[in-house]
Amino acid sequence: MSKASPLLVVGSIGLDTVETRLGKRADVLGGAASYFSVAASFLAPVRLVGVVGSDFPPAHTELFQAHQVDLAGLERVAGRTFRWSGVYAPDFSTRTTLDTQLNVFSDFRPKLPAAWADSPYLFLANIDPTLQLSVLDQTEKQGQKPRFVACDTMNFWIEGRRSELLRLLARVDMLLLNDEEARQLSGEANLPAAARAIRALGPRAVVIKRGDAGALLFHEGGVFAAPAFPIENVVDPTGAGDSFAGGFMGWLAREGDTSPATIRTAMILGSVLASFSVEDFSLDRFRRLDVSQIRERFAAFADLVHFEKIKL
Ligand code: AMP
């Protein structure tokens, strides 16, 4: 990993209660920044900014440490950790959020460790856009700018913090969001039209995640599609989008490059990490993952989509 650049992430870190047709787990490790950090850690060194409460189990902190995630920007404060709970339809086609408690995130004012202000790759994972803006501000001090800034968001913030979100979008290179969120944000039902409208708000690239239908990238090089790897044993789709973002940004940071060709490969690494994430509850699949499995699934991906051009 020697040539990889540091990758900074801010976002939710929390305790999730999740029910799928394969079971229920209460108060397990979740949060967008958690999935992102551990997924990305297989490819690049990760710096995590966030907050947890006094009830956050030390075992969760140890998982981040086991993946060499730098926790100098992780605050532990008195109070309850962020909590989210949701239930999936038996065929995983829909998810219903039962509860969101921001808890310690309500009063969080992120403060970047001084040495992190020059982080070249920045991911503003799903959390209040006000917090995403605050971290972006701290990396843009003294005239410096990160090389590549991407962000994520969700319906909760599109509804509740629209004007802050629009201010953020004007300043990022790329937005990742799912198809419903893209429609909600843009007011366009058609995805290419939605992507065009979103790019007009600021980001030069937009990735629209479509669950098991894969992800679409719209950027200056046109459109690129990455399928979702066909997985038979889907256990819990929570965090697939964040794991996708982790694989994606991890690859850019590893290569130190944001050219259209590298971004295409990053789309496949995103799909690879997402495909592992859904194979178990919480971040449990990552506990048993190693780089050789990532390499193997990447190769299987290449076979999955390989075809020859024809002369007709
Ligand atoms: P995904 O499945 O990729 O949408 O991400 C799921 C993760 O997002 C869960 O682990 C939740 O803890 C987290 N999450 C849910 N709602 C919110 C929210 N309003 N703000 C930040 N993170 C959230």
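In the predicted model, helix α9 passes helix α11 in a right-handed crossing. The two helices, spanning residues 260-277 and residues 291-305 respectively, cross at roughly 115°, and their axes come within 10 Å. On the α9 side, the contact involves T265, I268, L269, S271, V272, L273, S275 and F276, which meet Q293, I294, R297, F298 and F301 of α11. Eight nonpolar, four polar and one charged residues make up this contact of α9 with α11.

A second helix pair is formed by α1 (residues 32-40) and α8 (residues 240-255), whose axes lie 7 Å apart and whose packing angle is about 40°. Because angles under 35 degrees count as roughly parallel and those from 65 to 115 as roughly perpendicular, α1 is classed as oblique to α8. The crossing of α1 and α8 is right-handed. Helix α1 contributes A32, Y35, F36, A39 and A40 to the contact, while α8 contributes D242, S243, A245, G246, G247, M249 and G250. Grouped by class, the residues in the contact of α1 with α8 comprise seven nonpolar, four polar and one charged.

Helices α3 and α5, covering residues 129-139 and residues 162-169, have axes that come within 8 Å and cross at roughly 30°. Since the limit for this class is an angle under 35 degrees, α3 is roughly parallel to α5. The handedness of this crossing is left-handed, with α3 passing α5. Residues P129, T130, Q132, L133 and L136 of α3 meet E164, L165, R167 and L168 of α5. The contact of α3 with α5 divides into five nonpolar, two polar and two charged residues.

The model also contains a ligand, which is surrounded by 18 residues. The closest of these residues are S12, D16, G31, G239 and D242. D242 is also among the α8 residues in the contact with α1. Backbone and side-chain atoms both feature in the polar contacts of the ligand. At G239, a backbone N or O atom lies 2.7 Å from an oxygen atom of the ligand. For G241, the corresponding distance from a backbone N or O atom to a ligand oxygen atom is 3.5 Å. The side chain of W157 places an N or O atom 3.2 Å from a nitrogen atom of the ligand.

The surroundings of S186 were examined separately. S186 belongs to helix α6, which runs over residues 179-186. Its side chain carries a polar atom 3.1 Å from the backbone nitrogen of E188. With residues up to four places away in sequence left out of the count, S186 touches A194, A197 and I198. For one of these partners, I198, the separation from S186 is 12 residues in sequence, and the C-alpha to C-alpha distance is 6.2 Å.

How values were computed
Residues numbered from 1 in each chain as written. Predicted model: local features only at pLDDT ≥ 70, side-chain atom pairs only at ≥ 80, totals over all residues. Heavy atoms only, no water. Axes fitted to C-alpha atoms, helices over the stretch in contact; angles between N-to-C directions. Helix = DSSP H or I, 4+ residues; strand = E, 2+ residues; numbered from the N terminus. Parallel < 35°, antiparallel > 145°, perpendicular 65-115°, else oblique. Left-handed = near helix turned anticlockwise from the far one by under 90°. Contact = heavy atoms within 4.5 Å. Nonpolar A, V, L, I, M, F, W, Y, C, P; charged D, E, K, R; others polar. Near = heavy atom within 4 Å. Polar contact = N/O pair within 3.5 Å; in protein donor to acceptor, adjacent residues only side chain to side chain.
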